[in-house]
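Visitor: I would like to go through this model and ask what justifies each label put on it. Please set the values against the criteria as we go.

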Amino acid sequence: MTSTISAYDLHPALDSQLLRDVIHPSRSLWTPRELRDLTSFVASELTAGLLSVLEYSTERRWWARLGLTEGVELWLLSWLPGQGTEPHDHGGSAGSFTVLTGALNEDYRYPAGPIRTAVRTTGEAVGFGSGRAHQVTNPFDAPAASVHAYSPPLVPTREYASLLDIPDSIPPLPAQRLPLSELRQLADQEGP
């Protein structure tokens, strides 16, 4: 393996030059716009590969890690009708998601701001900064799937009883980012 290839982990079914080119293992941190561009590109250009990997589980939301570098993690998630997350933030990471199939409801809030609601439909992408908390659900009749990215990667989420319970500010990012070797160990234990 060359050093470029070992600078990231990619899902075996999606390991292609195209994905290698867009995941930028040398980029240390991604902006919300860059994350949105990444999830949008992956959802639109790698659709066939994503659909071949996609699964649905009645027991819990299903997910698969698509890629991991020191600067970004990329996930594929599925949502059966009625499935969703608890209200949560991303621990200070910036994030994005693009709806691959179906539709999702997102309730979101920035500290001290109002709770807003948006229906995200197939192809819609949203990027967000580190201070945002949200709850994503599938209240619709059809299954849905989405592509997610977070930077820095594998920062633990914090759940809340309600979006009204988020603090006035999200605590800052970790002072030191982890090398990919440590991220690989954490990734085996984590989900999005």
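Guide: Start with a criterion: two strands pair if DSSP finds at least two bridges between them. Keep in mind that this is a predicted model.

Visitor: What makes β5 and β8 a pair?

Guide: Strand β5, residues 94-101, shares 4 bridges with β8. At least two bridges are required, so the 4 bridges of β5 and β8 qualify them as a pair. Their sense is antiparallel. Phe-97 has Val-126 of β8 as its bridge partner.

Visitor: Which helix packs on the sheet, and which strands does this helix touch?

Guide: Helix α3, residues 32-45, packs there and touches β3 (73-79), β5, β8 and β10 (144-151). The directions of α3 and β5 make an angle of about 20°.

Visitor: Why is the sheet called open, and which are its edge strands?

Guide: Its 6 strands follow the order β1-β2-β3-β10-β5-β8, with antiparallel pairing. The edges are β1 (9-10) and β8 (125-128), each of which pairs on one side only.

Visitor: How many bridges join β10 to β3, and how many to β5?

Guide: β3 and β10 are antiparallel over 7 bridges, and Leu-77 has Ser-146 of β10 as its bridge partner. β5 and β10 are likewise antiparallel, joined by 7 bridges; here Thr-101 is matched with Ala-145 of β10.

Visitor: Why is β10 called largely enclosed?

Guide: Buried means under 20% relative accessible area. In β10, 8 of the 8 residues are buried, so the strand is largely enclosed by the rest of the structure. In a regular strand the side chains alternate between the two faces of the sheet. On one side of β10, Ala-144, Ser-146, His-148 and Tyr-150 are buried, and on the other Ala-145, Val-147, Ala-149 and Ser-151 are buried, which leaves both faces covered.

Visitor: How do you know that the length of α3 agrees with what is expected of it?

Guide: At 1.5 Å a residue, its 14 residues should span 20 Å. The C-alpha atoms at the ends of α3 are 20 Å apart, and therefore the two values agree.

Visitor: Which residues of α3 are buried, and what puts them on the same side?

Guide: Leu-35, Leu-38, Thr-39, Val-42 and Ala-43 are the buried residues of α3. They cover an arc of only 120° around the axis, so they lie on the same side of α3. The buried residues of α3 pack against α2 (17-23), α4 (47-53), β3, β5 and β10.

Visitor: Which residues touch the most other members of the largest nonpolar core, and which elements contribute to this core?

Guide: The core has 26 residues, and those that touch the most other members are Leu-19, Leu-38, Val-42, Leu-50, Leu-74, Leu-76 and Val-147. Two or more residues come from each of α2, α3, α4, β2 (62-68), β3, β5 and β10. The most come from α3, with 4 residues. Leaving aside neighbours within four places in sequence, Leu-76 has contacts that include Leu-50, Val-53, Trp-62, Leu-100 and Val-147. A second, separate core has 11 residues, among them Leu-77, Phe-97, Leu-104 and Val-136.

Visitor: Is Leu-68 buried or exposed?

Guide: Leu-68 lies in strand β2. Its relative accessibility is 0%, so Leu-68 counts as buried. Its C-alpha atom is separated by 5.5 Å from that of Tyr-8, although the two residues are 60 apart along the chain.

Visitor: Why is His-24 called partly exposed, and why is Ala-112 called exposed?

Guide: Partly exposed lies between the cut-offs of 20% and 50%. His-24 has 31% relative accessibility and therefore counts as partly exposed. Ala-112 stands at 69%, so it counts as exposed. Each also has a positive phi while being a residue other than glycine: near 45° for His-24 and near 65° for Ala-112. His-24 is in the loop between α2 and α3; Ala-112 is in the loop between β6 (103-109) and β7 (116-121).

Visitor: What is the omega of the cis peptide bond, and which residues does this bond join?

Guide: Omega is about -5°, and the bond joins Ser-151 and Pro-152. Pro-152 sits in the loop between β10 and β11 (158-159).

Note on methods. Residues numbered from 1 in each chain as written. Predicted model: local features only at pLDDT ≥ 70, side-chain atom pairs only at ≥ 80, totals over all residues. Heavy atoms only, no water. Contact = heavy atoms within 4.5 Å. Axes fitted to C-alpha atoms, helices over the stretch in contact; angles between N-to-C directions. Expected span 1.5 Å × (residues − 1). Buried < 20%, exposed > 50% of the residue type's maximum accessible area, 1.4 Å probe, protein only. Arc of directions from axis to C-beta. Core = buried A, V, L, I, M, F, W, Y, C linked by side-chain atoms within 4.5 Å.
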